[in-house]
Amino acid sequence: MFRFLRRQAVLRQPFPTAWLSVLEREVPWYVHLPPELQVRLQTRIQIFLGEKAFVGCGGLEVTDRMRVVIAAQACRLELHHTPTHFPDCQTLFVYPGAFVSAFTRVLPGGVVQQEPVIRVGESWHRGSVVLAWDAVEAALYEDPGGRNVVLHEFAHQLDGGDGPPDGVPLLRDRAAYARWTRVMGAALERLRRALWFGFAPIDPYAATSPPEFFAVTTELYFEVPEQLRAFSPDVFALLEDYYGALPAASSQLLN
Ligand SMILES: [Zn+2]
């Protein structure tokens with residue numbers, strides 16, 4: 001109830017003109033959205049920024065430009081959904097560039113070993129998302145590989161919306177779960193086979209696990225859709241149904 005009232009109060013505020021100019025200048029796909037989706041995105045961004053804390057790390061000062069750019073991309077994932085507003089993510093830690101994180105490995109005999117790994121993003125099931133700002137910014141300039149760390153990490157957040165991350169987000173019914181499991185499972189298997197034969201039709205990182213397959217194909221869907229469609233028309237169609245059509249063809253999808 002308090003949250004509802006708080007959101008209503010946030011939404012009574014006009015969308016700040018400084019934030020609007022960030023969207024228009026820095027978020028390339030924003031201007032291609034139909035006006036009603038632009039307004040919906042603004043609303044979601046207001047709620048996102050009203051509820052999430054941003055913490056600059058490694059000497060970074062988080063600016064409004066950074067907050068709006070990150071929020072816009074996270075909220076894009078839910079633009080055609082009833083939004084969850086990513087309840088598991090309360091804090092975003094932003095580093096200037098790649099950061100060192102601890103990777104936990106369980107060795108034979110149950111010995112737990114922690115080793116440092118370099119990352120540009122991380123998503124935790126409870127509480128936070130960690131991002132490298134230079135990787136966030138690089139995605140604005142259309143990385144030809146289709147990488148987009150914000151979409152990737154917030155796909156993990158959606159994945160965790162119905163329990164521990166398993167590569168399957170919250171879906172509407174059993175038939176949708178069955179389709180998702182069948183389509184994604186078959187495509188992941190095909191990717192692993194292709195990699196075994198030395199061929200990488202998409203980023204090999206997708207083959208790591210079902211959650212990474214969902215996160216990487218999410219990046220491809222928004223950033224290099226033709227590459228995803230060429231790899232798997234079925235995965236493309238599944239994600240199109242889940243995320244909604246991309247801006248150029250999105251007008252009829254509002255009905
Ligand atoms: Zn990941």
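Begin by selecting Cys 89 in this predicted model: Cys 89 stands opposite Gly 127, a residue of strand 6. Extend the selection from that pair to residues 89–95, which make up strand 2, and to residues 127–132, which make up strand 6. These two strands run in the parallel sense, and six bridges join them.

Next, display helix 6, residues 149–159. Helix 6 packs on the sheet and touches strand 2, strand 5 and strand 6. With the view aligned along strand 6, the direction of helix 6 makes about 165° with that of the strand.

Now bring the whole sheet into view. The sheet is open and consists of four strands in the order 1-2-6-5, with mixed pairing. For its edges, select residues 53–56, which are strand 1, and residues 121–123, which are strand 5. Each of these edge strands pairs on one side only. From one strand to the next, the twist averages 20°.

Leave the sheet for the last stop, the interior space of the model. How many cavities of 30 Å³ or more does a search of the whole structure find? The search returns one. The largest cavity holds about 80 Å³ of space.

To outline this cavity, select its lining in two steps. Among the lining residues are Leu 33, Arg 76, Leu 79, His 80 and Phe 222. Then add Tyr 243, Gly 244, Ala 245, Leu 246 and Pro 247, which also line the largest cavity. Colouring the lining by residue class gives seven nonpolar residues, two polar residues and one charged residue.

Note on methods: Residues numbered from 1 in each chain as written. Predicted model: local features only at pLDDT ≥ 70, side-chain atom pairs only at ≥ 80, totals over all residues. Heavy atoms only, no water. 1 Å grid on protein atoms, 1.4 Å probe; cavity = no way out; pocket = protein on both sides within 12 Å on 5 of 7 lines; lining within 4 Å. Points joined across faces, edges and corners; volume = space filled by probe spheres on them. Nonpolar A, V, L, I, M, F, W, Y, C, P; charged D, E, K, R; others polar. Pairing = 2+ DSSP bridges. Axes fitted to C-alpha atoms, helices over the stretch in contact; angles between N-to-C directions. Contact = heavy atoms within 4.5 Å.
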